[in-house]
Amino acid sequence: MSERNAMAATEAAEAMEATEAAGAAGTTEAAETSAEGTTGEQLPESPARRRPRPLRGALRWAAVLAVFAVFGASTAYGVTRLERTDVPGLATAQDGRWDYPELVRPPLPAGSPAPFAPSNKAAAHYADLRALLLPEPRGATADRTLAARHGWVKTGTFLDEYALQDDRDLLAGVFRDRGLRHIAARGWTTPDGTRTRIYLLQFDTGVTAGEVQQEEFAGYDQAPRTLRGAPRSVLDGTFPERAQVPNVTHYAYDEPRPYGTAHVRQAYLLAGDVIGLVVQSREGGAEAVPFQQTVVLQEQLLG
């Protein structure tokens, strides 16, 4: 306990003792007045009227403990609010978070292990990859171009996110040689004009996905590939480390000023056999909080 808390506890105890003393004095004084009115003499105080010192000591400590309890309860309440506020997706603070529906992981096929279970040596996601896509927040308009085939998109749709023909050609060859299985995608636009696109690329094993991620998408100071509308993107040092999800890694990038047509934020995710890409763009500036919230919630579905 801090010095301020200790002083508050002592003051509470002294106040309790002073109140008890005043009450005892008032009782004695009333008794003396009554005795004088009857006999004309002041009678000695009866021992029964004295409050035993052990009881006074017990009350003093009760007051101290009560103060401790108050401070303890306040601390616990503050910690609870802090932890809840720090969890992305919980609308406990008006800080720009989007209102996402409750997240539920899809069921696994009978007999299939979870992606990071000890028995799953390939770190494979056996659930329907489309069901692992983050749903759009309430009030958003779905991007129908990313749901034309019931959630699956062609490789070319994903490659169109990149501005340079060299990047598109190189990645097309990598995906072909490394056995890219399929790509699930979802997108939406919120009322403030922020456009979101999420892609999940699934490979045969976690080892293969990890190699592709490290070789093609893991830039440490800036994004290794140029997205449309973002001539340059640098590592986003403001992304909160406490938001890291077990078994999932991410590389988040932000477009520095001056922005192009729209401000673009992006993050690559790696979760077992899946590589994810989250892109948010908005004219004038894409806010950091909903971007971080979206990335972390997508990670939670994959983790």
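This report covers the overall build, the salt bridges and two buried polar residues of a predicted model.

## Overall build

The chain has 303 residues. It contains six helices and eight strands. Read from the N terminus, the order of elements is α-α-β-β-α-α-β-β-α-β-β-β-β-α. The chain therefore opens with two helices and ends with one, under the run-based assignment of helices and strands.

Buried residues make up 39% of the chain. Among contacts with a separation of 6 or more, 64% join residues 24 or more positions apart. The exposed surface comes to about 16,700 Å². Carbon and sulfur atoms supply 54% of that surface.

## Salt bridges

Side chains of opposite charge can pair when their charged atoms come close. The structure holds twelve salt bridges. Three pairs are described here, followed by a network.

Aspartate 99 and arginine 138 form one of these bridges, with an N to O distance of 3.0 Å. Both residues lie in the loop between helix H2 (53–86) and strand S1 (141–142), so the bridge ties together parts that are 39 residues apart in sequence. Aspartate 99 is partly exposed, at 42% relative accessibility. Arginine 138 is exposed, at 52%. The cut-off for exposed is over 50% relative accessible area, which is why the two fall into separate classes.

Aspartate 128 and arginine 130 also meet in a salt bridge, at 2.9 Å from N to O. Aspartate 128 is partly exposed, with a relative accessible area of 34%. Arginine 130 is partly exposed too, with a value of 26%.

## A buried charged pair

Aspartate 236 forms a salt bridge with arginine 265. The closest N and O atoms are 3.8 Å apart. Aspartate 236 sits in the loop between strand S5 (234–235) and strand S6 (249–254). Arginine 265 belongs to strand S7 (residues 263–271). The bridge links distant parts of the chain, 29 residues apart.

Aspartate 236 is buried, with a relative accessible area of 9%. Arginine 265 is buried as well, also at 9%. Both count as buried because their values fall under 20%. Elsewhere, Asp167, Glu216 and Arg225 are joined into one network by salt bridges that share partners.

## Threonine 294

Threonine 294 lies in helix H6 (residues 288–302). Its relative accessible area is 0%, so threonine 294 counts as buried. The side chain of threonine 294 reaches the backbone oxygen of proline 290 at 2.7 Å.

Beyond residues up to four places away in sequence, threonine 294 touches Trp98, Tyr100, Leu134, Trp188, Thr196, Ile198, Val278 and Gln280. Proline 137 is 157 residues from threonine 294 in sequence. In space, the C-alpha atoms of threonine 294 and proline 137 are 9.4 Å apart.

## Asparagine 120

Asparagine 120 lies in the loop between H2 and S1. Asparagine 120 is buried, at 7% relative accessibility. A polar atom of the side chain of asparagine 120 lies 3.4 Å from the backbone oxygen of proline 115.

Neighbours within four places in sequence aside, asparagine 120 is in contact with Pro113, Ala114, Pro115 and Tyr126. Proline 115 thus appears both in the contact list and as the residue whose backbone oxygen lies 3.4 Å from the asparagine 120 side chain.

How values were computed:
Residues numbered from 1 in each chain as written. Predicted model: local features only at pLDDT ≥ 70, side-chain atom pairs only at ≥ 80, totals over all residues. Heavy atoms only, no water. Helix = DSSP H or I, 4+ residues; strand = E, 2+ residues; numbered from the N terminus. Buried < 20%, exposed > 50% of the residue type's maximum accessible area, 1.4 Å probe, protein only. Contact = heavy atoms within 4.5 Å. Areas by Shrake-Rupley, 256 points an atom, 1.4 Å probe, with all protein chains shown as cover. Salt bridge = Lys/Arg side-chain N within 4 Å of Asp/Glu carboxyl O. Polar contact = N/O pair within 3.5 Å; in protein donor to acceptor, adjacent residues only side chain to side chain.
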